[in-house]
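Me: Please take a close look at one strand and its pairing partners, and then at other parts of the chain that help in reading the model. Plain prose will do.

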Amino acid sequence: MLPHLTIIETPAAAPTGPGRPPLKPCCAREEPSTKPEQRRLFACAILAALLMAVAMAGMVGHMLGLHVPEWLAGTPGNWLQLLLATPIVFWGGWPILTGGWEGFRRGRPGMFSLIALGVLVAWTASTIATLVPSIFPAAFRREDGSVEVFFESAGMIVVLVLIGQLLESRARRSTTASIRALMDLSPPTADRIVDDGQMETVPLEQIRRGDRLRVRPGGRIPTDATILEGSTTCDESLLTGEPLPVDRVVGDRVLGGAINGSAAIVVRADVAAEGALVSRITRLVREAHEHRAPIEQLADRVAAVFVPAVLVVAAATFLGWSLLGPQPRLALGLLSAVSVLVIACPCALGLATPLAMTVAIGRGARQGILVRSAEAMEKLARSKTIVFDKTGTLTQGRPRIVATLVLHDDGSRLEIEGDDRSTWQASSARRLLGITASLEMASEHALARAFTDAAANFGVSLGEATQVAAVVGRGIRGRVGEHVVLAGTEAFLAAEGIDLIGSPGTHQLATPEATLILVAIDGRLAGTFAIADPPRPEAADVIGTLKEQGRRLVMLSGDRDATAQAVAARVGIEEAYGGLAPAEKARWVETCRAADPDGSMVAFVGDGINDAPALATADVGIAMGSGADVALETADITLLSGGLAAVPRAIDLALATMSTVRQNLVLAFLYNVLAIPVAAGALYPLLGHVTSPMLAAAAMTLSSLSVIANSLRLRNP
């Protein structure tokens, strides 16, 4: 097997049949190169061409009526073939021989064991015939006393296998071009701003969290960071799959490896370089190629039985021809036995699963679908139940004010629907929003952002909040300027002594999807805000697609049950449960798995942050999100871009992958079932000759190429 880039290929990720030769280790940033192997193949191909010319000279000369020089025929020709074939077998075929020997040494002969045995048998028999032809029966010897040899078969087998291995190597590297590009995203150095304001250029590995870095226009951002100065656009396409550059301003986070736009910026490193998103993606992709799918064990189990069976068939073929075949019996038996060994090589079987998985993982990376392991791909294809988190998964994860009721001192009211800008120009509405947002700005509650976002949207200035105290799950109190402000639930304000009876109209904002936040200023109810987290625009279509596929869909939420049921109804999910803590979500996932009598898998789709228990409990955890915030370490599959629409795409990719794997296995099995009888001589009565080992090697190579070509179809959506 040819050496590859470590992130793409490791011994565990290589075709997994027993007896594969070990891969040469290389560093993670080494450029993959096949030049040494190309030179080896080129030299062997020249020698093999000369070998074939010598071997075929007599037959071609006889057919064309040409005179053949004596040094190309008989004993001199055999010696010349020995000189040409030996370097091909023992230099060009050294990886094959060592790989085959390793299989025999471990007691688990594999695909290379069969090839190595066939090559050595052909070369050894031919060498003995060249060195001591007298030990062969007279029926085997020509007029000059020489014996027919099979050096050309041994040489061409090696050359054809090397061609197949080179094509396989190129196919693997072409499927992971986008992953190798990810490795090159991080620049080797960074410009760090030191305490005196000067800049120093330091190696990337010296960057630490908190360092201030300057990023030049068009340069790559060294690590995940927050912008301190300047504004720009960033090309994050290779990281998130987002095709268009995104705007970034002061306070925004930028991803390491993204390409800075036309403006220089100063950023603060949020993590060291090895903790950046691009580094974690690289590490996880490497792990994905090292983890094998359960279906690969099928190929191993088959190979463990198949290879010894082939050895028995080859031995029986030799004995059958030698005892019962026409003359020259031994020659026909040897040719047929070698052909069986070569043509039965289960190379295609070893390629069937890992190559398809490699192609699929590479395609997923290009589409922003980061697959952690081949096992996750197989389990996703078998998942019949899809469990969704609500907030940030089915919903946008950005609560916003959907309705407002402003209560005036004179008893009148102002009702505002959504973001009606004309109504929000009213001074009373702006005052209420400004005071509430000033208080909520000091809160870490998920709903607080709805107020600060609305204030920024409508240009409402904020004041300073003091004496802020939050009551978990109920509300918040504090002072904004000279005003005492309370914001929270109805129960919270009632407990604080606020008169709610004389404030009609508050409950008319209530909807199943909305959460009501009541605001009191200086001891009097001043208004009510209805806050909701709307479903993602694509949610209903995605759910409809999954339902058409016959999957069971469940939604779990930590929000109150009425809100969960309302959101589920809007997107089309019939089964929804609310009021669940993270641990309870994990238990629900186990319940869904136990409820399936067919033993199919359960996939959980969450935001990857507070759903870690459920993500870990599910057979397949799918984390949605982008950037450095996504929980890459928990999820089996991470959707870096595409929103909820990436879920059915990931499932389709998994289904296509497993379909391709099954097709590859059928191709490999069918080939071996049909090819072995032909190699053993089943067509001799019809054709009048047995299968040449050289043709057997060509057929074996074509079978591997058919699996490669079928797997490469996965590159295209």
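Reply: Val-406 has Leu-414 in strand S13 as its bridge partner. This pair belongs to the ladder between S12 and S13 (residues 413-417), two strands that run antiparallel and are joined by five bridges. The model is a predicted one. S12 and S13 form a hairpin, with five residues between the two strands. Gly-411 sits in that turn and has a positive phi of about 95°.

S12 also pairs with strand S18 (residues 524-532), again in the antiparallel sense, over six bridges. In this pairing Leu-405 stands opposite Thr-528 of S18. As for solvent, S12 spans residues 400-407 and is mostly covered, with six of its eight residues buried.

The loop that lies between strand S17 (515-521) and S18 holds Asp-522. The phi of Asp-522 is positive, about 55°, although the residue is not a glycine. Asp-522 counts as partly exposed because its relative accessibility is 44%, where the partly exposed class lies between the 20% and 50% cut-offs. Another positive phi in a residue other than glycine is that of Gln-467, near 50°. Gln-467 is placed in strand S14 (residues 465-471). With a relative accessible area of 62%, Gln-467 is exposed.

Strand S5 (residues 232-235) shows two faces: Thr-232 and Cys-234 make up the covered one, while Thr-233 and Asp-235 make up the uncovered one. In a regular strand the side chains alternate between the two faces of the sheet. S5 pairs with strand S6 (residues 246-248) in the antiparallel sense over three bridges, and Thr-232 stands opposite Arg-248 in S6. S5 also pairs with strand S8 (residues 259-260), where two bridges are found in the antiparallel sense. Here the bridge partner of Asp-235 is Ile-259 in S8.

Turning to the helices, H12 (residues 374-381) packs against H22 (residues 646-680) at an angle of about 100°, and the two axes are 8 Å apart. That angle makes H12 roughly perpendicular to H22. On the H12 side the contact involves Met-377, Glu-378, Leu-380 and Ala-381. These meet Ala-650, Ile-651, Leu-653, Ala-654, Leu-655, Thr-657 and Met-658 in H22. By type, the residues of the contact divide into nine nonpolar, one polar and one charged. H12 is mostly covered, since six of its eight residues are buried. The buried residues are Ala-374, Ala-376, Met-377, Glu-378, Leu-380 and Ala-381.

Confidence varies along the chain. The mean pLDDT is 76, and 75% of the residues reach 70 or more. Helix H18 (residues 539-548) has the highest confidence, at 93, and helix H6 (residues 177-183) the lowest, at a mean of 54. Over residues 1-33 the pLDDT is below 50, and this stretch has 105 contacts in the model beyond near neighbours in sequence. Residues 626-631 also stay under 50, with 19 contacts beyond four places in sequence. Where pLDDT is low, the predicted coordinates should not be read in detail.

Key
Residues are numbered from 1 along each chain as its sequence is written. This is a predicted model: local features need pLDDT of at least 70, side-chain atom pairs count only at pLDDT 80 or more; totals for chains, interfaces and linings use all residues. Side-chain values use heavy atoms; hydrogens and water are left out. Axes are lines fitted to C-alpha atoms, for helices over the stretch in contact, and angles run from 0 to 180 degrees between N-to-C directions. Helices (H or I, at least four residues) and strands (E, at least two) are DSSP runs, numbered from the N terminus. Angles under 35 degrees count as roughly parallel, over 145 as roughly antiparallel, 65 to 115 as roughly perpendicular and the rest as oblique. Contact means heavy atoms within 4.5 Å. Ala, Val, Leu, Ile, Met, Phe, Trp, Tyr, Cys and Pro count as nonpolar, Asp, Glu, Lys and Arg as charged, and the others, Gly among them, as polar. Buried means under 20% relative accessible area, exposed over 50%, partly exposed in between (1.4 Å probe, protein chains only). Two strands pair if DSSP finds at least two bridges between them. pLDDT is the predictor's confidence in each residue, from 0 to 100.
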